[in-house]
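Here is a short set of exercises to work through with the model open in your viewer. Try each task before reading its solution.

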Amino acid sequence: MSSVLELKDVHVVHKARSGGVFARDRVYALTAANLVIGPGETVGVVGESGCGKSTLARVLVGLQRPTAGTVTFRGADLWALKESRRRELVGSSVGMVFQDPSTALNRRLPVRQVLRDPLDVHRRGAPAERDARVRELLDLVGLPPSAADALPSQLSGGQRQRVAVARALALEPDLLIADEPTSALDVSVRAQILNLLLDLKERLGLALVFVSHDIQTVRRMSDRVVTMYLGRIVEQTPAQAVPLAARHPYTRALFSATPGLISPINAIPLVGAVPSATNPPSGCPFRTRCWRADEVCAAEMPDARTDADHLFHCHHPVAAGATDLELIQERA
Ligand SMILES: Nc1ncnc2c1ncn2[C@@H]1O[C@H](COP(=O)(O)OP(=O)(O)OP(=O)(O)O)[C@@H](O)[C@H]1O
């Protein structure tokens with residue numbers, strides 16, 4: 001498959017922020033991540049808080065340099081490039097929409113300048129063409145031309161997020177990364193922003209990576225669901241087959257706990273807390289909370305197993321099509 005972007009065996013290790021017990025403590029934010037984003041594809045990323053979703057998003061948009069592994073944009077090894085070339089490649093291939101448009105946009109600049117900035121930095125077209133592009137971008141995200149004169153603080157949260165989307169699209173990227181793009185917005189405008197992203201994706205043929213706590217929305221929006229646990233991608237499932245076709249016990253538990261899906265009352269319990277990312281368990285990261293785990297899971301990280309376009313890391317996967325009730329009974 002041709003790819004817009006590819007991660008191969010990517011690791012991100014941070015020094016622990018103050019509060020780590022020892023100065024040498026390391027946080028394993030992303031471990032051995034392999035991911036291929038195809039043209040026009042929507043990939044949804046799910047997992048509990050702290051599992052590495054934002055770190056993955058930052059790697060995908062070239063904001064986070066991996067500690068190890070390769071990030072390939074349009075066939076080029078991103079971090080092997082000179083800085084100027086890397087900035088140019090990232091700028092023209094990928095746009096990012098952050099969680100909170102109030103902090104993501106410079107409050108002192110009018111919207112016109114917010115949108116012109118990437119065009120100026122990357123010297124796109126003559127000045128008159130840049131102004132025309134600003135008008136085009138506003139139209140693309142459903143804002144009137146008069147919005148160009150407003151300061152971000154004069155706009156509503158939903159309008160600000162539209163400006164943020166327009167800025168992300170300024171250089172005509174192939175890929176848009178949206179990290180929790182609606183969680184800072186009023187419930188009433190969330191659907192509008194999600195619909196805008198889907199509409200733009202269709203009209204512009206964009207690939208979209210959508211990170212969210214809201215797994216129902218991820219499932220609805222995506223072609224493929226990527227499940228993360230403690231810094232690892234543990235499963236990649238075609239979205240229309242989630243949750244019943246998911247084979248990783250964690251994906252099943254995560255989705256069964258979502259109201260409105262399959263069994264809102266009889267959720268598979270996720271017992272215990274996520275272990276610390278400074279001291280992840282040996283073997284499979286989920287094994288300390290998994291009802292199927294045995295000594296093999298403690299000894300070895302499971303290799304990727306594939307089944308058509310489905311991929312999972314588990315020594316003891318659940319049967320495809322097993323119901324939540326069956327899994328709850330098995331667990332009891
Ligand atoms: N700059 C950093 N320095 C130290 N640790 C970090 C840094 N950035 C992230 N981490 C840690 O790396 C792990 C992954 O963080 P990340 O923000 O990617 O998770 P997340 O899944 O996006 O969480 P959330 O859903 O709460 O936003 C966490 O343990 C986090 O505390």
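The exercises below concern a predicted model and move from the whole chain to single residues.

**Exercise 1. Judge how compact the chain is, starting from its radius of gyration.**

Solution. Begin with the inventory: the chain holds eleven helices and twelve strands. Next, compare two radii: the chain has a radius of gyration of 21 Å, and the globule rule gives 20 Å for 332 residues. These values are close, so the chain is as compact as a globular protein of that length. For the outline, the C-alpha atoms fill a box of roughly 65 × 45 × 45 Å along the principal axes. Finally, consider the inside: 41% of the 332 residues count as buried. Among contacts with a separation of 6 or more, 64% link residues 24 or more positions apart.

**Exercise 2. Describe the shell around the ligand.**

Solution. Start by counting: 13 residues surround the ligand, and the closest are His14, Ala29, Ser49, Ser54 and Thr55. Then ask which elements supply two or more of the shell residues: they are strand S2 (26-37) and helix H1 (53-60). H1 gives the most, with three residues. Sorting the shell by class yields four nonpolar, seven polar and two charged residues.

**Exercise 3. Find the residues at the heart of the contact network in the largest nonpolar core.**

Solution. As background, nonpolar side chains tend to be buried together in soluble globular proteins. Here the largest nonpolar core has 88 residues, and those touching the most other members are Leu60, Ala166, Leu175, Ile177 and Val209. S2 contributes the largest share of this core, seven residues. Now follow Leu60: apart from its neighbours within four places in sequence, Leu60 contacts Leu5, Val94, Ile177 and Val209.

**Exercise 4. Which strands stand at the edges of the sheet, and why is one side of each left without a neighbour?**

Solution. Write down the strand order first: S2-S1-S4-S5, an open sheet of four strands with antiparallel pairing. S2 and strand S5 (76-77) stand at the edges; each has a single partner strand, so one side of each lacks a neighbour in the sheet. Then zoom in on one pair: strand S4 (residues 68-73) and S5 are joined by two bridges, and Phe73 stands opposite Ala76 in S5.

For a contrast in direction, turn to strand S6 (residues 94-97) and strand S7 (residues 175-179), which pair in the parallel sense over four bridges. Val97 has Ala178 in S7 as its bridge partner. Val94 and Met96 point one way from S6, Gly95 and Val97 point the other way, and all are buried.

**Exercise 5. Where does helix H4 pack its buried residues?**

Solution. List the buried residues of H4 (residues 111-121): Val111, Val114, Leu115, Arg116 and Leu119. These pack against helix H5 (127-140) and helix H6 (157-169). Just after H4 comes Arg123, with a positive phi near 45°.

**Exercise 6. Check the backbone for less common geometry.**

Solution. Recall the usual case: most residues other than glycine have a negative phi, and most peptide bonds are trans. Now look at Ala32, with phi near 50°, in strand S2. Ala32 has 18 C-beta neighbours inside 10 Å, so it counts as partly exposed. Leu230 also has a positive phi, about 45°, and lies in the loop between strand S9 (224-229) and S10. Leu230 counts as buried because it has 24 such neighbours inside 10 Å. Lastly, the peptide bond from Val242 to Pro243 is cis, with omega near 5°; Pro243 sits in the loop between strand S10 (232-238) and helix H9 (249-256).

Technical notes
Residues are numbered from 1 along each chain as its sequence is written. This is a predicted model: local features need pLDDT of at least 70, side-chain atom pairs count only at pLDDT 80 or more; totals for chains, interfaces and linings use all residues. A residue is near a molecule or strand if its C-beta atom, placed from the backbone, lies within 6 Å of it. Ala, Val, Leu, Ile, Met, Phe, Trp, Tyr, Cys and Pro count as nonpolar, Asp, Glu, Lys and Arg as charged, and the others, Gly among them, as polar. A nonpolar core is a set of buried Ala, Val, Leu, Ile, Met, Phe, Trp, Tyr and Cys residues joined through C-beta atoms within 7 Å. A residue is buried if 20 or more other C-beta atoms lie within 10 Å of its own, exposed if 12 or fewer, and partly exposed in between; C-beta atoms are placed from the backbone. Two residues are in contact if their C-beta atoms, placed from the backbone, lie within 7 Å. Two strands pair if DSSP finds at least two bridges between them. The radius of gyration is taken over C-alpha atoms; the globule rule is 2.2 Å times the number of residues to the power 0.38.
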